[in-house]
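Me: I am new to this structure and would like a close look at a single part of it. Please take one buried position, explain its setting with care, and then connect it to what lies around it.

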Amino acid sequence: MALESLPESQGALRAPGKVLMSLRVNGIAYDVAVEPRHMLVELLRDDLGLTGTKVGCNMGDCGACTVLLDGLPVFSCLVPALEVDGRDVTTIEGLAENGHLHPLQEAFVEVGAIQCGFCTPGMVLSSLALLRETPDPTDEDIRRALSGNLCRCTGYQKIFEAIREASKRASV
């Protein structure tokens, strides 16, 4: 859709050089105009205000920007925003329901797997994708699922404990 055809109510999204696209983020439909060079992480943080997705290395090496794209973890700093046109994105903000943390988030808090918290959104979303595919993961499954996510604090033992604890809960 050309930007000129946008209704006046979306005037704030209009800008020269931008392309209109639609996506669903955390179950909410958005029509946004993005610069063709923008990456998904910029769309989420700058345009939609979802700052739970972190910008770490901006090269796909640290996993801080991990989100779920159609249910699968991706590094949002490496995904061109226009490639998510018509797709579903889940950010860390999309996990809590009715003011209650997701069981996986609760497990991270309960076992102390949060540490500084910068890597936590990416760790939680990568873990969620793992648990949806493998409800009772082995340590090797967890290691493989988190292989793209770096924690620069104290290590991964508490994160592994949180994932194991969450796997015991029925609704992950």
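**A close look at Thr91**

Reply: Thr91 has a relative accessibility of 0%, and because buried means under 20% relative accessible area, Thr91 counts as buried. The model is a predicted one, and what follows should be read with that in mind. Along the chain, Thr91 is placed in the loop that lies between strand S5 (88-90) and helix H2 (103-111). The side chain of Thr91 is joined to that of Glu93 by a polar contact of 2.7 Å. If neighbours within four places in sequence are left aside, the residues in contact with Thr91 are Val25, Asn26, Leu44, Leu50, Thr53, Val67 and Leu125.

Two of these partners lead to a hairpin. Strand S1 (residues 19-25) and strand S2 (residues 28-34) run antiparallel and are joined by 7 bridges, and the hairpin they form has 2 residues between the strands. Asn26, which is in contact with Thr91, sits in the turn of this hairpin and has a positive phi of about 55°. Further along the pairing, Leu20 has Ala33 in S2 as its bridge partner.

Helix H2, at the other end of the loop that holds Thr91, supplies at least two residues of the largest nonpolar core, as do helix H3 (120-133) and helix H5 (157-168). That core has 24 residues, and those with the most contacts inside it are Leu104, Phe108, Met123, Leu146, Ile159 and Ile163. Its largest share, 7 residues, comes from H3. Taking Ile159 as an example, and leaving aside neighbours within four places in sequence, its contacts are Phe108, Ala113, Gln115, Met123, Leu146 and Cys151. Apart from this core lies another, of 17 residues, which includes Val34, Val74, Val79 and Ala81. In soluble globular proteins, nonpolar side chains tend to be buried together.

A second loop position can be set beside Thr91. Gly63 is placed in the loop between helix H1 (40-47) and strand S3 (66-69), and with a relative accessible area of 2% Gly63 is also buried. Not counting residues up to four places away in sequence, Gly63 touches Phe75, Gly122, Gly148 and Asn149. The C-alpha atoms of Gly63 and Pro73, which are 10 residues apart along the chain, are separated by 9.5 Å.

To return to the starting point, Thr91 is a buried residue in a loop, with a side-chain polar contact to Glu93 and with contacts that include Asn26 and Leu125.

Methods:
Residues are numbered from 1 along each chain as its sequence is written. This is a predicted model: local features need pLDDT of at least 70, side-chain atom pairs count only at pLDDT 80 or more; totals for chains, interfaces and linings use all residues. Side-chain values use heavy atoms; hydrogens and water are left out. Helices (H or I, at least four residues) and strands (E, at least two) are DSSP runs, numbered from the N terminus. Buried means under 20% relative accessible area, exposed over 50%, partly exposed in between (1.4 Å probe, protein chains only). A polar contact is a pair of N or O atoms within 3.5 Å; within protein, one must be able to donate a hydrogen and the other to accept it, and residues adjacent in sequence count only if both atoms are side-chain atoms. Contact means heavy atoms within 4.5 Å. A nonpolar core is a set of buried Ala, Val, Leu, Ile, Met, Phe, Trp, Tyr and Cys residues joined through side-chain atoms within 4.5 Å. Two strands pair if DSSP finds at least two bridges between them.
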